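Hi,

Thanks for offering to take a look at this one. Here is the structure, and below it I have written up what I found.

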Amino acid sequence: GNYAFQESSISLNIVGNSIDISQVFSVFPVEFLSILQTYKAKGEFEFEASLIGELSKQKTPFLTANFAINNGSIVEKTTNTELSAINLLGSFSSSINKEPEWVNVSSFEAVLGKEKCEGSFLISNFKEPAIDLKISSNFPVKELIGFSNISIGETSGFIDTDFNLKLKYNKLQDVYLIQNIEGEFILVDCSLINKGDNYSIDAVNGALATNNGQLTSNKFKGMFNGSTFSGNLTVLNFKKLITSQNKVPVLTGNIDLDYLLVDDFLLGQKEDSSRFFIPDSIDLDVRLALKKMKYSEFEAKNIKGNI
């Protein structure tokens, strides 16, 4: 390229090959670092960039780039869960004419556990990043929870999904807030065993989908603390919940349960760091059919009603 010193103008083409991806992490904006520091990455990063414009105290040149990652991997340091075989193509543009900078990954693919995932994402405005993620995969639940470093108990099964997630960084709270999520989620033999809260949910199968701000499951079945259950549920204020506009879930639907042993929930909580968040209050309009309930010496059968 060239640099005209008297005119303070620059025009450069830059090519980088076989760059260690871990070095790329170090140049991300500070808003990303709290997330990136929990992961370690390896693989090769390649790019071709163009730097054009005035270079002075008042102005900076316009930077654009195309880049690729080949056969990369990212490992969550605490759980040692790996997202492997990462291949992606993307582009970058610096800020220009008051428009924020952005990174657009037009396509990526990777492997979590033994399952392939693919999609795309756009990150704009690095000072207060907004993220638009589209992804599809048959996620293995155990590996997904491990890679996210979420502690809710022992998990298994698969979630076959195709969804769009939008996040926005809140500088005052120093957190990423969900703006919206749309898509379908098919649960295949999913299980959650939480010893700290004395419950287990096993062999759950069913489909969930978002629509008009609601999360709906038309039919699901599984085992709750050893008892067979089935039914349908709708979270009426799902979008407001995930965007922090509401804190109280509003649920409606039908549940059939073979039996419920109330004593299980009254046992002393066990030492377990895996705790699942349960709201302080839930707004329910659910028809419940319970074949058998037992509480200490009290036992009832064929209970039906609304809660």
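Let me start with one residue in a loop. N125 is partly exposed, because its relative accessible area is 26%, and buried would need a value under 20%. You will find N125 in the loop between β7 and β8, the latter covering residues 130–140. Its backbone deserves a look too: the phi of N125 is near 60°, which is a positive value in a residue other than glycine. Please keep in mind that this is a predicted model.

Two other asparagines make good companions to that one. N225 sits in the loop between β12 (214–224) and β13 (227–235), and its phi, near 50°, is again a positive value in a residue other than glycine. Is N225 buried or exposed? With a relative accessible area of 18%, N225 is buried, since the cut-off for that word is under 20%. Then there is N149, just after helix α3, with a positive phi of about 55°.

**The chain as a whole**

How many helices and strands does the protein chain have? There are five helices and 16 strands. The chain has 307 residues, and 34% of them are buried. Its exposed area is about 18,700 Å², with carbon and sulfur atoms supplying 54% of that. If you take the contacts between residues at least 6 apart in sequence, 50% of them join residues at least 24 apart.

**Helix α3 and strand β9**

Helix α3 runs over residues 141–148, and its buried residues are V141, I145, G146 and F147. Two of these turn up again when you look at T155, a residue of strand β9 (residues 154–170). Leaving aside residues up to four places away in sequence, T155 touches V141, K142, I145, S191 and L192. T155 counts as buried because its relative accessibility is 15%.

**Residues that meet across the sequence**

Next, try a few pairs that are separated along the chain, and check how they sit in space.

- I123 belongs to strand β7 (residues 115–124). I123 and K168 are 45 residues apart in sequence, and their C-alpha atoms are 9.7 Å apart. At 11% relative accessibility, I123 counts as buried.
- I181 is in strand β10 (residues 175–194). Between I181 and G213 there are 8.8 Å, C-alpha to C-alpha, and the two are 32 residues apart in sequence. I181 is buried, with a relative accessible area of 16%. Beyond residues up to four places away in sequence, I181 touches F163, N164, L165, T210, F238 and I242.
- K292 lies in strand β15 (residues 283–295). Its C-alpha atom is separated by 8.6 Å from that of L261, and the two residues are 31 apart along the chain. K292 counts as partly exposed, at 35% relative accessibility. Which residues does K292 touch, not counting those up to four places away in sequence? They are D258, Y259, L260, E299, A300, K301 and N302.
- S11 is found in strand β2 (residues 9–20). S11 and P61 are 50 residues apart in sequence, with 8.6 Å between their C-alpha atoms. At 30% relative accessibility, S11 counts as partly exposed.

**A pocket**

P61 brings us to the second largest pocket, where it is one of the lining residues. The full lining is T60, P61, F62, S94, S95, I96, N97 and K98. By class, that makes three nonpolar, four polar and one charged residues. The volume of this pocket is about 150 Å³.

**Aromatic rings**

Last come the aromatic side chains. The count comes to seven aromatic pairs, where two rings pair if their centres lie within 6.5 Å. Which residues do ring pairs link into a cluster? F45, F47 and F67 are linked in this way.

If you want a place to begin, I would open the viewer at N125, in its loop between β7 and β8, and then go on to N225, in the loop between β12 and β13. After that, have a look at T155 and the residues it touches, including V141 and I145.

Happy exploring, and do write back with any questions!

Best wishes

Conventions
Residues are numbered from 1 along each chain as its sequence is written. This is a predicted model: local features need pLDDT of at least 70, side-chain atom pairs count only at pLDDT 80 or more; totals for chains, interfaces and linings use all residues. Side-chain values use heavy atoms; hydrogens and water are left out. Rings of Phe, Tyr and Trp (its six-membered ring) pair if their centres lie within 6.5 Å; planes under 30 degrees apart count as stacked, over 60 as edge-to-face and the rest as tilted. On a 1 Å grid over the protein atoms alone, a cavity is a set of points where a 1.4 Å probe fits but cannot get out, and a pocket is an open set with protein on both sides within 12 Å along at least five of seven lines; lining residues have an atom within 4 Å of a point. Grid points are joined across faces, edges and corners, and a volume is the space filled by probe spheres set on the points. Ala, Val, Leu, Ile, Met, Phe, Trp, Tyr, Cys and Pro count as nonpolar, Asp, Glu, Lys and Arg as charged, and the others, Gly among them, as polar. Helices (H or I, at least four residues) and strands (E, at least two) are DSSP runs, numbered from the N terminus. Buried means under 20% relative accessible area, exposed over 50%, partly exposed in between (1.4 Å probe, protein chains only). Contact means heavy atoms within 4.5 Å. Accessible areas come from the Shrake-Rupley method with a 1.4 Å probe; for residues, only the protein chains shown count as cover.
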